[in-house]
Each structure stands twice: as structure tokens, then as C-alpha cells.
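Here is my note on the model you sent over. Have the sequence and the 3D view open as you read, and follow the points in turn.

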Amino acid sequence: MTHRFMLHWRDGTTESVAGSDIVDACNRAGIGAGALAALDYWAMDDDGREGAMSESVLREQDKRLDALIQTVADVAFKQGETAASDDEVEDAINAVHEYIAELRTPAVREPCVWSQDEEGAWDTTCGGLFEFADGWPSENGAKYCCYCGGVISEVAYVDEVEE
Ligand SMILES: [Zn+2]
């Protein structure tokens, strides 16, 4: 069955594509993995259901990108007089994965306040509780809340002084 999908690009324009699913529709329309970063969201025309790019769609794009990188690496390997090492190929692939992860993170997120309690654990405004072996979230390299994905804002525990 063919569905119609309305793509809403970040620049405000829309585009109608058709396919058995969103991946197929994008493929048919010649929209590559790189262009999807400019996609704000897509909506299914049939029933008006709207959704962000689903995890499975993103994984599918990852696989295609992986294959592409591997092909490029293989060609470079055959062509080059100095062949790239496995580590270099691995590094390149990892760099792309990091970039994909970055693209998936919405630019603007609600900050999440992490307040230290008297035990030293951190209560999060989104309802989580997290404890580090030592130090503050920032000292442990934590930038985003592991529960809601918001940017962490730290609040130290202050002893209530009884008078
Ligand atoms: Zn949170």
C-alpha cells in the first residue's frame, strides 16, 4: 500500500512524497540521509498522523550511511598508495555516528534542574534520581539529563540551618 507523506522542512517549505513507508517515500523522492537533517517533521497524509523521524527510520538511514562510508573507504583503500588503517576507517565511521547523534538532538530543549540532596544524589525536575560516585554532573562530563534529555542545570545542596 502506498501512503502519502508531507515533509515539513526546517526552512518552512513542505513537500509531498509517496511510498510504502517514510523511508521508501524518501528514497523514491531521492532524499538522502544528509538532507534529512533539514527535515523538521513529517506527517502522514492519509490520517493526518504526525511524527518525528522514528528510531527505525533513523536506524535505516544509519545503515545506508554505514554502507556508503564503507564503500568510499574501500575505494580509497584500493586507489591510495598509502592505505588507510582499520583504525582510521573505524575513526571515520565513529565520527559520522557522533555527527548523526548530534543531528538527532533537537537544538533547543527544556533545561532540567538537577538538585543535590543531602545524600549527595541528584533529584531531577523530570522525576529522576541519579547518583555519581564522586563529583558534580559537570565534573563527570554530564551535559544532558539521562531521563529527559534536557540540558542539566546544577543546584548544590544547601544545609538548612536550624535556629
Ligand atoms: Zn531531566
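1. Starting at the N terminus, the elements come in the order β-β-α-β-β-α-α-β-β-β-β. That amounts to three helices and eight strands. Both kinds of element are DSSP runs numbered from the N terminus: helices are H or I with at least four residues, strands are E with at least two.

2. A word on the source before the details. Residue numbers start from 1 along each chain, as its sequence is written. The model is predicted, with local features needing pLDDT of at least 70 and side-chain atom pairs counting only at pLDDT 80 or more, while totals for chains, interfaces and linings use all residues.

3. How confident is the predictor? pLDDT is its confidence in each residue, on a scale from 0 to 100. The protein has a mean pLDDT of 78, and 80% of its residues reach 70 or more. Please read residues 47-51 with care: pLDDT stays under 50 there, and the model gives this stretch seven contacts beyond four places in sequence. A contact here means two residues whose C-beta atoms, placed from the backbone, lie within 7 Å.

4. Now look at the start of the chain. Strand β1 (residues 3-9) and β2 run antiparallel and are joined by six bridges; two strands count as paired if DSSP finds at least two bridges between them. One facing pair is R4 and A18, the latter in β2. The two strands make a hairpin with four residues between them, and G12 in the turn has a positive phi of about 95 degrees.

5. E15 is a good residue to click on in strand β2 (residues 14-19). Is E15 buried or exposed? E15 is partly exposed because 13 other C-beta atoms lie within 10 Å; buried would need 20 or more, exposed means 12 or fewer, and partly exposed is in between, with C-beta atoms placed from the backbone. Beyond its neighbours within four places in sequence, E15 contacts L7 and W9. Its C-alpha atom is 8.2 Å from that of F5, which is 10 residues away in sequence.

6. Next, the inside. In soluble globular proteins, nonpolar side chains tend to be buried together. A nonpolar core is counted here as a set of buried Ala, Val, Leu, Ile, Met, Phe, Trp, Tyr and Cys residues joined through C-beta atoms within 7 Å. The largest one has seven residues: F5, L7, V17, I22, A25, C26 and W42. Helix α1 (22-28) and β1 each supply at least two of them, and α1 gives the most, with three. Another core lies apart from it and has five residues, among them W114, W122, C145 and I152.

7. Further along, find the open sheet of four strands, ordered β7-β6-β5-β8 with mixed pairing. Its edge strands, β7 (129-130) and β8 (152-155), each pair on one side only. Strand β5 (residues 112-116) pairs with β8 in the parallel sense over four bridges, and C112 has I152 in β8 as its bridge partner.

8. Finally, visit P137 in the loop between β7 and β8. P137 counts as buried because it has 20 C-beta neighbours inside 10 Å. Not counting residues up to four places away in sequence, P137 touches W114, W122, A142, I152 and E154. P137 and W114 are 23 residues apart along the chain, with 8.5 Å between their C-alpha atoms.

Note on methods. pLDDT is the predictor's confidence in each residue, from 0 to 100.
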